[in-house]
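Work through these exercises with the structure open beside you. Try each task before reading its solution.

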Amino acid sequence: MEHSALALRIDGLTVRRGRNVAVRDLDLSLARGELVGLLGPSGSGKTTLMRSIVGVQRLESGTVTVLGQSAGSPPLRHRVGYVTQDVSVYSDLTVRENLSYFATVLGVGGAEIDRVVAATDLGGQLKQLAGSLSGGQVSRVSLAAALLGTPELLVLDEPTVGLDPVLRSELWGLFRELARGGVTLLVSSHVMDEATRCDRLLLMRDGEILADTTPRQLLADTGTSDAEEAFLVLIERHPGERTEERS
Ligand SMILES: Nc1ncnc2c1ncn2[C@@H]1O[C@H](COP(=O)(O)OP(=O)(O)OP(=O)(O)O)[C@@H](O)[C@H]1O
Ligand SMILES: [Mg+2]
């Protein structure tokens, strides 16, 4: 049973990666137009959860329904944008050539390229080889590619890593604008202060969602004044069952 207001519905998702249970019996629903932050320490399962949502992860059990369809099913290809944690642009192509390539794969026209270039402020770099761009510019090319075709769900894995505070803030401004236009965004980050820019916050640890809250509620519940501190309080409150070291 699918509700049209839901962009995502996950029931009982468990994923094993190697010897690790990377996601453990997880349930999650996202409403359309929500800007959702996904935070958690390294190895907590953020990327694995995102891979499950975009349909590139083998699931152990559970169901993942995206925009009313099974995750990864062909009709979703145009409706879901994904930016991986690793660079996914071709360094020997220019910015425009990269975007033209992805636009061709998606079957969208050149006007779309102009739109995403404007949105990510890459107009000055169109003729530059991607391999010669700065880290922040490369991140924006990845994001621009994910925006092609106006996806309804955007899954962004640490899109602001390596960006200076001004660019980070600009990107969050763009995320907010997209959400206002009805796009659902799931954005992972290590930077806790970015959490305050979301409508809703998911804190992951050991493959589970430790807290599903709002920025304001998180601070109120933990009696702290910043998200970083709040997360530490939550971790202390919920000592993990698994104590083995992760690297
Ligand atoms: N290819 C793989 N083979 C085996 N185990 C893996 C693989 N990829 C991830 N894992 C394990 O799955 C767990 C979750 O990893 P995941 O990459 O989802 O975490 P993450 O929260 O995205 O971490 P980070 O913040 O460092 O990106 C970790 O224990 C990790 O070691
Ligand atoms: Mg990750």
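Contact means heavy atoms within 4.5 Å. Axes are lines fitted to C-alpha atoms, for helices over the stretch in contact, and angles run from 0 to 180 degrees between N-to-C directions. Helices (H or I, at least four residues) and strands (E, at least two) are DSSP runs, numbered from the N terminus.

This is a predicted model: local features need pLDDT of at least 70, side-chain atom pairs count only at pLDDT 80 or more, and totals for chains, interfaces and linings use all residues. Residues are numbered from 1 along each chain as its sequence is written, chains are lettered from A and ligands numbered from 1 in the order in which they are written, and side-chain values use heavy atoms, with hydrogens and water left out.

**Exercise 1. Trace the sheet of six strands and find its edges.**

Step 1. Two strands pair if DSSP finds at least two bridges between them. The order is β6-β7-β8-β3-β9-β10 in an open sheet, and the pairing is mixed.

Step 2. β6 and β10 (208-213) have a single partner strand each, so one side of each lacks a neighbour in the sheet.

Step 3. Take β7 (residues 153-157) and β8 (residues 184-189): they run parallel, joined by five bridges. Valine 155 has leucine 186 in β8 as its bridge partner.

Step 4. Now add a helix. α5 (residues 165-180) lies across β3 (35-39), β7 and β8, at about 155° to β8.

**Exercise 2. Trace the sheet of four strands.**

Step 1. The order is β2-β1-β4-β5, open and antiparallel. At the edges are β2 (20-31) and β5 (69-70), each pairing on one side only.

Step 2. β1 (residues 6-17) is joined to β2 by eight bridges. Arginine 17 has asparagine 20 in β2 as its bridge partner.

Step 3. Helix α1 (residues 46-54) packs on this sheet and touches β1, β2 and β4 (61-66). The direction of α1 makes about 120° with that of β1.

**Exercise 3. At what angle do α6 and α7 pack?**

Step 1. Helix α6 (residues 215-222) and helix α7 (residues 227-237) pack at about 55°, with axes 9 Å apart.

Step 2. Residues of α6 in the contact include Leu218 and Leu219; among those in α7 are Ala230 and Leu234.

**Exercise 4. Is threonine 94 buried or exposed?**

Step 1. Locate threonine 94 in the loop between β6 (80-83) and α2 (95-106).

Step 2. Buried means under 20% relative accessible area, exposed over 50%, partly exposed in between (1.4 Å probe, protein chains only). Threonine 94 has 13%, so this residue is buried.
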